[in-house]
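Dear colleague,

Please find below the structure I am handing over to you, together with its sequence. My findings follow it.

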Amino acid sequence: MLVERQLTAEGLDRRTLGRPEFERRVWAWKERYGDTIKRQMIRLGASCDWSRERFTLDPGLSRAVREVFVRLFEKGLIYRGEYMVNWCPRCQTALSDLEAPHDSVAGNLWHIRYPVTGASRCLVVATTRPETMLGDTACAVNPSDERYRDLHGKTVQLPLMNREIPIILDEVADPKFGTGVVKVTPAHDLNDFEAGRRHNLPKIQVIDDTAHMTAAAGPYAGLDRFEARKRVVADLEALGLIEKIEPYQVSLSKCQRCKTPVEPLISTQWFVKTKQLAEPAIRAVEDGRIQFTPDNSTKTYYEWMYNIRDWCISRQLWWGHRIPAWHCQDCRQILVAREAPASCACGSSRLEQDSDVLDTWFSSGLWPFSTLGWPEETDDLRAYYPTSLMITGFDILFFWVARMIMMGLEATGDVPFREVYIHALVRDPEGQKMSKTRGNVVDPLEVTEKHGTDAVRMSMLLGAAPGTDIVLTEERMLSARAFANKIWNAARFIFLNMERSGVPPWVPEEAVSYRPEPVSAGFEGVPLEDRWIFSRLNSCADLVNRAIDRYRFHEAAQLLWQFFWHEFCDWYLEIKKLRFSENSGLDPHWRNLLTVFEASLRLLHPVMPFLTEELWQRLAQGAAARPISIALSQYPQYDIHVTDHPAERQMQLLQEIVTAARNLRADMGANPKEQLEGVFYSPTAAADVARKQIDAIQKLANLKLEVRAEPAPAEVQGVKRSTTEFDLALRIPQAQVELQRKRLEKEIEQLEKVIANSQRQLANQEFVARAPEHVVNTIRQKLAEYEAQLAKSRSALAPPQ
């Protein structure tokens, strides 16, 4: 289609160019843009064995296509016949139902009077396409419809054409819809085509394959179909034969390639009988041999497969697999063969290959086994068929997945894959599907150049929840780039301090899990931050592996983000800074830090392969007995013996203490560089944690802290922050006290106004009676929160003792 667009811009078309030259032009396009797609995939980090790259028209695949076609033909599952097809007037080809999706568009429903022959009454039929009435060959009523029993066997006059057509009895007419009468146009509607077959009606084609009216359309011959519609309606109105016109939402079928409205036409095409192929494909999913994720894809699959129709596989195009059928020019026999026959059974050598090509999805449906050397029993076929997992988008569930299942079972006797993961589509910022024809495709090379490949990958994975689409936005990519920068800067800090401490490049012996190393003898010799981070890494590995196993990639990305940024960088690395000393060498502090960092890089690698590979190589530079790539190293796994719940609880307390101190400092506007004095009160185990971690707490919060293992007195000096575990009071300079007092007074004033307003609303019985219940409940909930905050602010405003 895109090559034809180029030809149009050059003032040419494919017929002017000729088939050989047109095919050459398409091959040139494929070589240029096929390589572009490959470069994009490599740049995005697709980890493929590129020596196994295949193209649909490679000789081996072409052989498989011919083999399957001939086998299906010999079994009677492929036939050539006359049938109603979706025809694209612009592309000049038949389309499968899937290639002609429907759009709901605003249109009209015209109610037209058909005079009953020899009577003074009319039958009223409704149509969205009045131009097709020129090809009507009957009107139908339901045999059970008592309203028209007296018209059985009668005829009506076809308006504008002065043709008498019969009134037939057929289930195609629904007594409950409209007047219960339908016009029957066998040449331009599938249901009418079938009704015409049942009643042996003539098929009068009034629209040709260019969407213009034929000679059979009488005075409307030569008109475009939509212009003919206007003329037909105008002439019917002039004759008083329009009962009424109603606005109506029309289901308009359009060509998926060029968006031209499709025309249903009778045509001689090649078809696959799909019912027989669909039955084993349905059973394969029903009995669990194939499983879909997300689950709702299974229902969608069944709905289509149970209602499947014969598949039109011939296309009046010049690019693709030529149908392996030859037409004898003397006896008109059709020969289907794997290779070009020398002569016909009649002895004639005047054979011409069918000019049509196969629907591209016919060859694509063979991909799982045609790429492995089938029909030969190759080593690859035995090793890799069926494969474990098929990943694709929901928009080609029927185009490709269903057909691979049908074709795989038919050709090999086994399913092509065990699991199908239907991933999200990446949409543009307006939520529109990206497509080459719409022109809104984002070039991966451009966004990866701007933001970095790993940032783009992370931004997409964060939105990749099963069953939902990904809206690719600049904001999400900027956020992911900030995450990548965070990791890079953390690594730079580690490498810089390795040099200062005299630490050589080092990675631990390869394993899937690790335990922290003590810095002194005994359990207490393992620092709290090491026990905590190893436990958190272990938990992260557990949850990430589970998320990946369940195809919940967004959860895996969120877990890795949380661990790397908010646990490793924000807390662990900040505490480890306090442990560094010059020329320490590779001491236990460093071994624990580098062990966690190296394992974290491996855990993050599937999401951000380029950044992690680069940092891992730098970290392991010169280290012996290691894989050549992080991708070949073992992926971290959960180890129950590494889980340390007491350390996690103790570290949580440390974090709460430091956070409380930082929040108090921020509230009072204290100078971050100024050390403050404070008292920590707790009658619980929190006091023991505070004592043991006093050095880290004081440095992280810039405090000089006194720890008291007792409850806080009713009144404390300075400002206080309380939790269920402890109270923290900071002594502040007098100048800061005044600033804090003014801030609290202003806060109290605002809270008192808000509370008074909420109380007035709730005291208004009329408002409470009329307002929705959830609105009233929200006001009550907010009032309780405001009152609690007011009590805290008033308590904080109490003069220090």
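In this predicted model, three strands form an open sheet with antiparallel pairing, in the order 15-14-16. Strand 15 (334-336) and strand 16 (351-353) are the edge strands; each has a single partner strand, so one side of each is left without a neighbour in the sheet. On average, and with direction ignored, neighbouring strands of this sheet are turned by 30° against each other. Strand 14 (residues 325-328) runs antiparallel to strand 16 and is joined to it by three bridges. One of the residues involved is Cys328, whose bridge partner in strand 16 is Leu351.

A further open sheet of three strands, again with antiparallel pairing, has the order 4-3-9. Here strand 4 and strand 9 (242-253) stand at the edges with a single partner strand each, so each has one side without a neighbour in the sheet. The twist from one strand to the next averages 20°. Between strand 3 (residues 102-115) and strand 9 there are eleven bridges, in the antiparallel sense, and Ile112 stands opposite Ile242 in strand 9. Helix 6 (residues 225-238) packs on this sheet and touches strand 3 and strand 9. The direction of helix 6 makes about 160° with that of strand 9.

Strand 5 (138-141) follows strand 4 (122-127) after a loop that contains Asp136. Is Asp136 buried or exposed? Asp136 is buried, with a relative accessible area of 0%. Leaving aside residues up to four places away in sequence, Asp136 touches Tyr114, Leu158, Arg163, Ile165, Lys183, Val184 and Thr185. The C-alpha atoms of Asp136 and Glu164 are separated by 9.9 Å, with the two residues 28 residues apart along the chain.

Strand 5 itself is covered on both faces: Ala138 and Ala140 are buried on one side, and Cys139 and Val141 are buried on the other. Strand 5 pairs with strand 8 (residues 181-184) in the antiparallel sense over four bridges, and Ala138 stands opposite Val184 in strand 8. With strand 7 (residues 163-169), strand 5 runs parallel and shares three bridges; the bridge partner of Val141 in strand 7 is Leu169.

Turning to the helices, helix 3 (residues 19-43) has 25 residues. From its first C-alpha to its last, helix 3 reaches 35 Å, close to the 36 Å expected at 1.5 Å a residue. Its buried residues are Arg19, Phe22, Arg25, Val26, Thr36 and Gln40. Among the elements that cover the buried residues of helix 3 are helix 1 (2-9), helix 2 (14-17), strand 17 (357-358) and helix 13 (444-451). After helix 3 comes Gly45, which has a positive phi near 95°.

Lastly, helix 8 (residues 296-306) packs with helix 12 (residues 397-412) at an angle of about 75°, and their axes are 11 Å apart. At that angle, helix 8 is roughly perpendicular to helix 12. Helix 8 contributes Ser297, Thr300, Tyr301, Trp304 and Met305 to the contact, while helix 12 contributes Leu397, Phe398, Ala402, Arg403, Ile405 and Met406. By type, the residues of this contact divide into eight nonpolar, two polar and one charged.

Yours sincerely

Technical notes:
Residues are numbered from 1 along each chain as its sequence is written. This is a predicted model: local features need pLDDT of at least 70, side-chain atom pairs count only at pLDDT 80 or more; totals for chains, interfaces and linings use all residues. Side-chain values use heavy atoms; hydrogens and water are left out. Axes are lines fitted to C-alpha atoms, for helices over the stretch in contact, and angles run from 0 to 180 degrees between N-to-C directions. Helices (H or I, at least four residues) and strands (E, at least two) are DSSP runs, numbered from the N terminus. Angles under 35 degrees count as roughly parallel, over 145 as roughly antiparallel, 65 to 115 as roughly perpendicular and the rest as oblique. Contact means heavy atoms within 4.5 Å. Ala, Val, Leu, Ile, Met, Phe, Trp, Tyr, Cys and Pro count as nonpolar, Asp, Glu, Lys and Arg as charged, and the others, Gly among them, as polar. Two strands pair if DSSP finds at least two bridges between them. The expected span of a helix is 1.5 Å times one less than its number of residues. Buried means under 20% relative accessible area, exposed over 50%, partly exposed in between (1.4 Å probe, protein chains only).
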